[in-house]
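Please take a moment to look through the sequence and the model below before reading on. The paragraphs that follow begin with a single residue and then move to the ligand and its surroundings.

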Amino acid sequence: MRQVSRVRVDAEPYPFEFNPAAVALLVIDMQRDFVEPGGFGEMLGNDVTPLRRAVAPTRRVLDAFRARGMTVIHTREGHLPDLSDLPSTKKARGRLKTGIGDTGPMGRVLIRGEPGHEIVPELAPAPGEPVIDKPGKGAFYATDLDLLLRERGIRSLIVAGVTTEVCVHTTVREANDRGFECLVLEDCVASYFPEFHEAGIRMIKAQGGIFGWVSSSAVLLRALADARAGSGAGESA
Ligand code: TIU
């Protein structure tokens, strides 16, 4: 039987509590286009190496969710091959030599179906895990994410992915306004800019948790293990 008792995670600005049957792990845009050299992130002028640090801890959380049969949802930023969902302003932004839709080392940049658009192999979606394709930075804009979460009775989101101040922040702000409670795992999100990561994390938990809560993968994993240990001898593993 699935455990139903609430899980309490030490977090800032105060403990984050969730029902394991009403929580989803939301892994945002862990795509080769952002994390690997030769993709969109690098085309924007970034050194992509700081993003790799989020992969291993996110994998540990992913494994824990999967082992417990808890909901996992992935997102990908990208556009249709005919660019019909790409605002001309987004295409023009940055005056890039190789921009969205152009051919780069990992295929057409930020285009669905291309190698660069895929999620990195370590975090590849398992069969049955929803993958939300989104044309913008936020995972709610022009997607079915809100419907999907409400249909599944999800009330809380545990957030991993990239980048802290862009797609993670936009999505957490959108989720918060829609009434979802978000816990951002500091070591499972990353930015090309350490100072933006730092400020982005502080902004989420400031002012009493104005957008949500912040904790770490290790603290969450411990809380999940403790909840299982304390769920009673009658519980099957
Ligand atoms: N997924 C995401 O964050 N998209 C970006 O374009 N991020 C940047 O930091 N550029």
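Does Leu 83 count as buried, partly exposed or exposed, and what is its relative accessibility? This is a predicted model, and in it Leu 83 has a relative accessibility of 27%. Because buried means under 20% and exposed means over 50%, Leu 83 counts as partly exposed. To find this residue, follow the chain to the loop between β4 (71–77) and α4 (88–92), which is where Leu 83 is placed. Its backbone also deserves attention, since the phi angle of Leu 83 is near 60°, a positive value in a residue other than glycine.

A second residue of this kind is Asp 29, whose phi is near 55°, again a positive value in a residue that is not glycine. Asp 29 belongs to the loop between β3 (23–28) and α1 (32–35). With a relative accessible area of 0%, Asp 29 is buried, because the limit for that word is a value under 20%.

Asp 29 also leads to the ligand, for it is one of the residues around that molecule, a group that includes Phe 34, Phe 40, Leu 44, Lys 137 and Tyr 192 as well. Sorted by class, this shell consists of seven nonpolar residues, one polar residue and three charged residues. The ligand itself sits in the largest pocket.

Several polar contacts can be followed from the ligand to the protein. One nitrogen contact leads to Glu 77, where an N or O atom of the side chain is 2.9 Å from a nitrogen atom of the ligand. At Val 162 the partner belongs to the backbone instead, with an N or O atom lying 3.2 Å from a nitrogen atom of the ligand. At Thr 163, an N or O atom in the side chain is 2.9 Å from an oxygen atom of the ligand. Taken alone, the ligand would expose 280 Å², and the protein buries 93% of that area.

Val 162 and Thr 163 are worth a second look, because the peptide bond that joins them is cis, with omega about -10°. Thr 163 lies in the loop between β8 (156–162) and α6 (164–177).

Elsewhere in the chain, the peptide bond from Glu 12 to Pro 13 is cis too, and its omega is near 5°. Pro 13 is found in the loop between β1 (7–9) and β2 (16–18).

How values were computed: Residues are numbered from 1 along each chain as its sequence is written. This is a predicted model: local features need pLDDT of at least 70, side-chain atom pairs count only at pLDDT 80 or more; totals for chains, interfaces and linings use all residues. Side-chain values use heavy atoms; hydrogens and water are left out. A residue is near a molecule or strand if one of its heavy atoms lies within 4 Å of it. A polar contact is a pair of N or O atoms within 3.5 Å; within protein, one must be able to donate a hydrogen and the other to accept it, and residues adjacent in sequence count only if both atoms are side-chain atoms. Accessible areas come from the Shrake-Rupley method with a 1.4 Å probe; for residues, only the protein chains shown count as cover. On a 1 Å grid over the protein atoms alone, a cavity is a set of points where a 1.4 Å probe fits but cannot get out, and a pocket is an open set with protein on both sides within 12 Å along at least five of seven lines; lining residues have an atom within 4 Å of a point. A molecule sits in a cavity or pocket if more than half of its atoms lie within 2 Å of its grid points. Ala, Val, Leu, Ile, Met, Phe, Trp, Tyr, Cys and Pro count as nonpolar, Asp, Glu, Lys and Arg as charged, and the others, Gly among them, as polar. Helices (H or I, at least four residues) and strands (E, at least two) are DSSP runs, numbered from the N terminus. Buried means under 20% relative accessible area, exposed over 50%, partly exposed in between (1.4 Å probe, protein chains only).
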